[in-house]
Amino acid sequence: MSASLSMLAEVPVFSLLDQDERATLAALLESEKYTKGQTIFREGDAGDSLYVVLTGQVQVFTENKEGERIVLSENENSDVFGEISMLDGGPRTASAIAVEDSEVLRLNREGLQQLVSDHPHAALDLLTVMGRRLRRTDELLRTHVARNANKEEEERLTIGNRIADKVAAFGGSWTFIIFFGVVLFVWMLINSSFITRLPFDPYPFILLNLVLSTVAALQAPVIMMSQNRQSSKDRLKSDLDYEVNLKAELEVAQLHNKIDRVYEAIQEHWAQRTKEKRTEDRIENPGRRSNDYY
């Protein structure tokens, strides 16, 4: 029992429970073993239990519309999974599989109800811990919903890419056009027969044509490199947009599932209350006809 109590003290969900509450909880936990690759539960199964990893590793994942696996968590020693569906009584929103031979401790809803019945204060402790986890999840969603494509691209730049961007930016500016125009004008002016008796590049300025051809030959591939980088940046932006849209789609689907479960729970509750009311009315008014309840 002491080993179980010390282990439960390290489990975040049960961290606020006192020694007596952990002792009661330890008696309610059931040990289960799973081999590597064995499924613990599937998405859509009834969520009637939570699990604590004792040994091994358990992966919790879901699948998108394309059937690609999206890993939600990798659970190891003392990690808890499956608690959300167990608490709200709805179906599983993800699947869990043993990545390696694992042993887990399972707590079902009846055990949780007994724990809360024997130790009412434990319910407040569990709600406090769950509230903290939800706050951390909300903060994670707010800060990691999207990434800046410009920042991502900046981190991937090499020295050659930076030089290509600088050359392309300068070659496509008015500064370059004016500067090069002035150089051409001065070159032709200096080599004009009206000013210089022995020009180094007389008309038709063959050396100037060679320089211009060399500049164009070097500048063209550099500009193309920069344009290719722009295409790569556009692809990166599209990938990031896809990730954001996929995340939003999954969040909306989960919200729909939660709303459906809440609606079903409300309908079930009112149906039960109506049934109890009818039973009470029949006991109090045995001569009343059944049609009078509709």
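This dialogue works through salt bridges, burial and a nonpolar patch in a predicted model.

Student: What makes Glu 30 and Arg 106 a salt bridge?
Tutor: The cut-off is a side-chain nitrogen of Lys or Arg within 4 Å of a carboxyl oxygen of Asp or Glu. The side chains of Glu 30 and Arg 106 meet at 2.8 Å, N to O. So the pair qualifies. Glu 30 lies in strand E1 (residues 30–34) and Arg 106 in strand E8, so the bridge ties together parts 76 residues apart in sequence.

Student: Why is Arg 106 called buried?
Tutor: Buried means under 20% relative accessible area. Arg 106 has 17%, so it counts as buried.

Student: And why is Glu 30 called partly exposed?
Tutor: Partly exposed runs between the 20% and 50% limits. Glu 30 has a relative accessible area of 35%, so the term fits.

Student: What makes Glu 30, Glu 32 and Arg 106 a network?
Tutor: Arg 106 bridges Glu 30. Arg 106 also bridges Glu 32, at 2.7 Å, N to O. Glu 32 lies in strand E1 and Arg 106 in strand E8, so this pair links parts 74 residues apart in sequence. Salt bridges thus link the three residues in a network.

Student: How many salt bridges does the rule give?
Tutor: Three. Another of them is Arg 273 with Glu 276, whose closest N and O atoms are 3.1 Å apart. Both residues lie in helix H9, three residues apart, about one turn of the helix. Arg 273 is partly exposed at 43%, and Glu 276 is partly exposed at 33%.

Student: How do you know that Glu 103 has no salt bridge?
Tutor: The nearest side chain of opposite charge, Lys 33, is 4.8 Å away. The limit is 4 Å, so Lys 33 does not qualify. Glu 103 is buried nonetheless. Glu 103 sits in strand E8 (residues 102–108).

Student: What makes Glu 103 and Ser 31 a polar contact?
Tutor: Their side chains come to 2.6 Å. The limit for such a pair of N or O atoms is 3.5 Å, so the distance passes.

Student: Why can Leu 207 belong to the nonpolar patch?
Tutor: Patch residues need over 30% relative accessible area. Leu 207 has 36%, so it clears that limit. Leu 207 lies in helix H9.

Student: Which helix gives the most to the nonpolar patch?
Tutor: H8, with eight residues. Helix H8 (174–190) and helix H9 (206–284) each supply at least two. The patch has about 1200 Å² of accessible area together, and its members include Trp 174, Phe 185 and Phe 200.

How values were computed
Residues numbered from 1 in each chain as written. Predicted model: local features only at pLDDT ≥ 70, side-chain atom pairs only at ≥ 80, totals over all residues. Heavy atoms only, no water. Helix = DSSP H or I, 4+ residues; strand = E, 2+ residues; numbered from the N terminus. Buried < 20%, exposed > 50% of the residue type's maximum accessible area, 1.4 Å probe, protein only. Lys, Arg positive; Asp, Glu negative; His and termini not counted. Polar contact = N/O pair within 3.5 Å; in protein donor to acceptor, adjacent residues only side chain to side chain. Patch = residues over 30% accessible without salt bridge, like charges linked within 9 Å, V, L, I, M, F, W, Y side chains within 5 Å. Areas by Shrake-Rupley, 256 points an atom, 1.4 Å probe, with all protein chains shown as cover.
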